[in-house]
Amino acid sequence: MKTAPLSLHIPEPKTRPGDLVDFSDIQIPAAGIVARPASDIDAAAMRDYAYALIRVLDDKGQAVGEWNPKLSADTLRLGLRHMVLTREFDERMMKLQRQGKTSFYIKCTGEEAIGVAQAMALDDKDMLFPSYRQQGLLVARGCPLVRLMNQIFSNTQDNLKGRQLPIMYSEPDYGFFSISGNLGTQYPQAVGWAMASAYSGDTRIAAGWVGDGSTAEGDFHYALTFASVYRAPVVLNVVNNQWAISTFQGMAGGEQATFAARAVGYGLPALRVDGNDFLAVYAATEWAAERARNNHGATLIELYTYRAAPHSSSDDPAAYRPAEEAKNWPLGEPIERLKKHLIAIGEWSEERHAALVTEMTERVMEQLKEASSHGTLGNPPPNDPGSMFEDVLKEVPGRLLIQREEMLALRAAAAQEGV
Amino acid sequence: MARMNMIQAINSAMDIAMERDPNVLVFGEDVGYFGGVFRATAGLQKKYGKRRCFDAPISEGGIVGAAVGMGVYGLRPVVEIQFSDYIYPAFDQLVSEAARLRYRSAGGFTAPLTVRTPVGGGIFGGQTHSQSPEAIFTHVCGLTSIMPSNPYDAKGLLLSAIEDDDPVIFFEPKRIYNGPFDGHHDRPLTPWTKHDLGEVPEEYYKIELGKAKIVRPGEKVTVICYGTMVHVCLAAAEESGIDAEVIDLRSLLPLDLDCLVTSVKKTGRCVIVHEATKTCGYGAELVSLIQEHCFYHLEAPIERVTGWDTPYPHAYEWDYFPGPYRVSRAIKKVMEE
């Protein structure tokens, strides 16, 4: 038998810098057409949801269909407020990074609905295992920005004692797990926390987040296996923002199947959601939380969105993708869409929105003033370098006590010698 | 000769290896179109096509596992792990598979892969962009571990690593990609383009793995180091005013023991410096070997200057990083006995 030689497939995005933006391949079904099943439905009956796209807000700004969570105008305005605050906070912090006040920053521009709506749809006592682009979770849970700024500045009031890279928050009091920096590691941990909650007869559930890129890590698959096997009460989110630094989602296998469809092989239900639609994100999270809370186990949610920001302050996306992509993203952007909805239902106006933006900007500046009074990175230098030896273990072990003495003696000698 | 920084020298090595051998291919996270987050693979995809230089999923275990399989087939994969802090998901593939494949198959299967990975701190990268995990890998039989300290060596050593028939981990000290950082973080950095070792031949050349280099001859004390610490130690030797001999290991395993033993027998004193944490660090192995081979020549206890036994703390980076002041004090201390 004669066979042709094999060839290796290397995925490639359709467009690169200099090309015209082309999102013609992206299928956007109309809002409101996806049915909302009961949250105790058999996972086997959920397969189509992994390939659908749950959307509530239509092009006119109306909330349509069975997934409309029917939130009060006050709740919607609160969501808008949290999203605007998140964006203003991000803009200010990135500027300060550029001015050398800190070493690193990550914005979530265009993805604000995800952290904010999800925090609001979950119970405040539920445990969050985020990745590094869900600052909206902390904003919506009411964590004061000054706490986040103190961490970003590694200043004297930094609750992480200057140890962590900026934005790698850890906020136990807000049910927000320590961000790792290593990708996907928190996913099986979220499952484990949920297993522990079920084991203990608790009522709290867990939620975890990874990006499209990180689904390629083994940890993602460990998490799905354990979530399925032990029917863990956890909401597992994949934020598909199309880009993992310079790598498009097709390199994580997004061309062959949706990320939501990863759930199917594990026997887990999946929801695929318009991530820039505050109402759809809220409704899907609420559904998955209800399912988990009633002991029906985990749900995988793919939040379909676009990373309008650079990966981080160290990244320049102009080197690998057309600059106009964010503006042309077919699902728009979340603040604008929720604002349009509120205006459409007569509960908001351009004037009120402008006033909100001003108020949130001022809020950021106020908190910044307070945070800056505790210092910015290296200015003043951290006042207790000896603290770096604490928390390696519960008790500082003998060899670290010796090393601490050595380091402090070294500093003293250097100061004396004027080095 | 051309002027190159370390990134350009590493890029040149891969370029030449790909040109000489169609079995050499390069892949890893962001290495294709973008050319890597540190730009080490810039231009390779354009020159050799995306078949030979391409992006990988964010899956270090997948990257190294696939590289083992490709090596078994007969290719010579050169893969990048974006930061050595992210190498651990690949640990099983490196330790249980790549390192032992030749042994367990009695030579029937081999995995001639090269893993390039940036190491070290001094860039305010916090605990997940600053680690120096080399000793974890030097503990594994079957792995070769290399760490260059300048562009010239980086190119020659990387070409040897790629041509080596066994798995090699090529650690790249990211703090010296652009210039020989000597630990004086408050002073401007001299770029490699203005440094002798930034003179790099454009053509093919190799530096044998397992050969250390005396970068500063001296009579009174032997200072053993590698990577970024070579420049710190050179500065420290100068500042101490002591006639120190500074040895750049370049290759951790295989180790140029003869070079070390000859030097320590001559000086009778030794300081060992690395950025990695102290306990069970590579320095411990060096101390052990030197006392085995030079015990009767030693006139003072061997000093170790290392990172502290903690994760790399973001705001206290310069208290953690073993700088020239600390090294020069250690040099003076071994002279006191």
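**Entry 1: the largest cavity**

I began with the lining of the largest cavity, and I noted that its largest share, three residues, comes from strand β13 (residues 270-277) of chain B. I should record at once that I am working with a predicted model, and that what I write here describes that model. In total, 13 residues line this cavity, and those that lie nearest its centre are B:Ser132, B:Met147, B:Tyr226, B:Thr228 and B:Glu275. I then sorted the lining by class and found six nonpolar, five polar and two charged residues. The space inside the largest cavity comes to about 70 Å³, and my search of the whole structure turned up six cavities of 30 Å³ or more.

**Entry 2: the second largest cavity**

Next I looked up the second largest cavity, which holds about 50 Å³ of space. Its lining includes A:Pro130, A:Ser131 and A:Tyr132, and also A:Ile179, A:Ser180 and A:Gly181. When I divided this lining by class, I counted four nonpolar and six polar residues, with no charged residues.

**Entry 3: the second largest pocket**

I turned from cavities to pockets, and for the second largest pocket I wrote down a volume of about 810 Å³. Of the 29 residues that line this pocket, A:Ala414, A:Val419, B:His185, B:Trp318 and B:Asp319 are the closest to its centre. Which helix gives the largest share of this lining? I found that α12(B) does, with five residues. At least two lining residues each are supplied by α12 (398-417) of chain A and, in chain B, by α8 (229-240), α11 (317-320) and α12 (324-336). By class, the lining of the second largest pocket divides into 14 nonpolar, seven polar and eight charged residues.

**Entry 4: the largest nonpolar core**

I then looked up the largest nonpolar core, which has 77 residues, and I noted that A:Phe89, A:Tyr169, A:Leu271 and A:Phe278 touch the most other members. Helix α8 (residues 278-293) of chain A gives the most to this core, namely 11 residues. I followed A:Phe278 further and, leaving aside its neighbours within four places in sequence, I listed its contacts, among them A:Leu57, A:Leu71, A:Leu76, A:Met83, A:Val116, A:Met120 and A:Leu338.

**Entry 5: the domains of chain A**

Last, I checked how chain A is divided, and I found domain 1 at 43-372 and domain 2 at 385-416. How far apart do the C-alpha centres of these two domains of chain A lie? For the C-alpha centres of domain 1 and domain 2 of chain A, I wrote down 39 Å.

Terms used. Residues numbered from 1 in each chain as written. Chains lettered and ligands numbered in written order. Predicted model: local features only at pLDDT ≥ 70, side-chain atom pairs only at ≥ 80, totals over all residues. Heavy atoms only, no water. Core = buried A, V, L, I, M, F, W, Y, C linked by side-chain atoms within 4.5 Å. Buried < 20%, exposed > 50% of the residue type's maximum accessible area, 1.4 Å probe, protein only. Helix = DSSP H or I, 4+ residues; strand = E, 2+ residues; numbered from the N terminus. Contact = heavy atoms within 4.5 Å. Domains from an automatic or database assignment. 1 Å grid on protein atoms, 1.4 Å probe; cavity = no way out; pocket = protein on both sides within 12 Å on 5 of 7 lines; lining within 4 Å. Points joined across faces, edges and corners; volume = space filled by probe spheres on them. Nonpolar A, V, L, I, M, F, W, Y, C, P; charged D, E, K, R; others polar.
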